[in-house]
Amino acid sequence: MTQLVNALVQELRERELLLPIWGEGEKVVLLDQTRLPFKTVYLEIYTVVELCTAIKDMTIRGSGALGLAGAWGAYLASLKNDNLEAFQRDLAALKATRPTAVNLAKTVDEIGTDLDPRQFKEQVVQRLIDIVHRQLNFELALGEAGAALIHDGDTIMTHCHSGALAGAGYGGRALSVIRRAWEQGKKISVLVNETRPYLQGARITAWELKRLGIPFTLITDNMSGFCLEKGMVNLVVVGSDRVARNGDLANKIGTYLHALAAYDNNVPFYTATSSHTIDLNTPSGDTIPVEMRPAEEVLTLAGQPIAEPGTKALYPAFDITPHRLITGIITEKGVIYPPFEKNLVEIFG
Ligand code: RUB
């Protein structure tokens, strides 16, 4: 089994991807996203318990990468467990780590369903390989579909980080669209929202754009209304943690405010995603579980306290952007426009 995994990783390496997670023999390796851009630290993970901790600690994050973490976690679980029931308990633990990004639960379910107790280990590896390839193909296809929306000279706003390290290594979702437009020769630039409190925009999106050579400017989250109102943005493209059946979107906290400001200023607002993040079983945004993270994460910035000890804080990690604010949903099957419910069900149902 480890040979198949090694062959997969070798193939991915030859494609010069920026991988958030991969297998090496009997372990998986993560690029620690909490340390970027200042340190490149790799974490070696041998057990599902260690992987669950890494997911909760945001060492690996972003919806696409969380799906892949679920698949690699299943691989670790299959190496450690000879018994299918024990294996399934490990999968349940993985699923429980972060609730909003549907890719994690969906991938774990996909890999753990209808397994043969006598050969589940082989089945898990085959499914892992298929999932990794599929996700990469989705990124390339949705990048192509979304790049058609971008014109020479455009400035694109993005929020949080929806790039290679949040996906399968090409450009994730939003940055696949931007990267493809850049590769097509369009002279574009990106306005990057810093994304308090974890600073995924400032730390990771900016880092990836710099590696790709795509011009960008960093702003703090509260500057987006100004930039949208002043006509500095041609379109907004963000990723998504879950798209409900009616088109409502769960994405990093702050997305809703950017969407409101875009709507008010007639700036098109897109989410770039794949069918795997579209959850037709969730009727609308009201029923998407929103992860609440520890308030202490708001009370510090880059490790430094920013308020008096004892200050109360609140940290909903995601918000819901209602579908009425969304211009289109960029997917591997093209751009979906309203009416979202009808079109999503028709195309992905
Ligand atoms: C990440 C986040 C990202 C999407 C993008 O939140 O909200 O915008 O997950 O992912 P966190 P994708 O950092 O808390 O995981 O590119 O797969 O749509």
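**View 1. The largest pocket of the predicted model, between domain 1 and domain 2.** Residues of both domain 1 (2–138) and domain 2 (144–348) contribute to the lining of the largest pocket, so this pocket lies between the two domains. Its volume is about 360 Å³, and of the 16 residues that line it, Pro197, Tyr198, Arg203, Ala302 and Gly303 lie nearest its centre. Helix H8 (200–212) and strand E12 (300–301) each supply at least two residues of this lining. Divided by class, the lining holds nine nonpolar, three polar and four charged residues.

**View 2. Backbone features at Pro197, Thr195 and Ala302.** Pro197, one of the residues nearest the centre of the largest pocket, follows a cis peptide bond from Arg196, with omega near 0 degrees, and is placed in the loop between strand E5 (189–193) and helix H8 (200–212). Thr195 is found in the loop between E5 and H8 as well, and its phi is near 75 degrees, a positive value in a residue other than glycine. Ala302, which is also among the residues nearest the centre of the largest pocket, has a positive phi near 50 degrees and sits in the loop between strand E12 (300–301) and strand E13 (304–305). The surroundings of these two positive-phi residues can be set side by side: Thr195 is buried, because its relative accessible area of 0% is under 20%, whereas Ala302 counts as exposed, because its 70% is over 50%. Most residues other than glycine have a negative phi, and most peptide bonds are trans.

**View 3. The second largest pocket, with Arg196 among the residues nearest its centre.** About 240 Å³ of space lies in this pocket, whose lining comprises 15 residues, with Arg196, Asp221, Ile253, Gly254 and Leu257 nearest the centre. Helix H9 (224–229) and helix H10 (255–264) each give at least two residues to the lining, and the largest share, three residues, comes from H10. The lining of the second largest pocket consists, by class, of eight nonpolar, five polar and two charged residues.

**View 4. The largest cavity and Asp241.** The largest cavity encloses about 180 Å³ of space and is lined by 21 residues, of which Arg61, Gly62, Ser63, His161 and Asp241 lie nearest its centre. The elements that give two or more residues to this lining are helix H3 (63–80) and strand E9 (249–252). Domain 1 (2–138) and domain 2 (144–348) each provide at least three residues of the lining, which by class has four nonpolar, twelve polar and five charged residues. An unreviewed UniProt entry places the feature "active site" at Asp241, a residue in the loop between strand E7 (235–238) and strand E8 (242–244). Asp241 is buried, with a relative accessible area of 7%, and, leaving aside residues up to four places away in sequence, its contacts include Ser63, Thr100, Asn103, Asn251, Lys252 and Phe318.

**View 5. The second largest cavity and its nonpolar lining.** In the second largest cavity, which has a volume of about 40 Å³, the lining is formed by Leu12, Leu19, Ile21, Leu68, Trp72, Val132 and Ala168. By class these lining residues divide into seven nonpolar, no polar and no charged. The model has three cavities of 30 Å³ or more.

**View 6. The cis peptide bond between Leu36 and Pro37.** Leu36 and Pro37 are joined by a cis peptide bond with omega about 0 degrees, and Pro37 is located in the loop between strand E2 (27–31) and strand E3 (42–45).

Definitions and conventions:
Residues numbered from 1 in each chain as written. Predicted model: local features only at pLDDT ≥ 70, side-chain atom pairs only at ≥ 80, totals over all residues. Heavy atoms only, no water. 1 Å grid on protein atoms, 1.4 Å probe; cavity = no way out; pocket = protein on both sides within 12 Å on 5 of 7 lines; lining within 4 Å. Points joined across faces, edges and corners; volume = space filled by probe spheres on them. Helix = DSSP H or I, 4+ residues; strand = E, 2+ residues; numbered from the N terminus. Nonpolar A, V, L, I, M, F, W, Y, C, P; charged D, E, K, R; others polar. Domains from an automatic or database assignment. UniProt positions renumbered as here; feature names shortened; annotations may be inferred. Buried < 20%, exposed > 50% of the residue type's maximum accessible area, 1.4 Å probe, protein only. Contact = heavy atoms within 4.5 Å.
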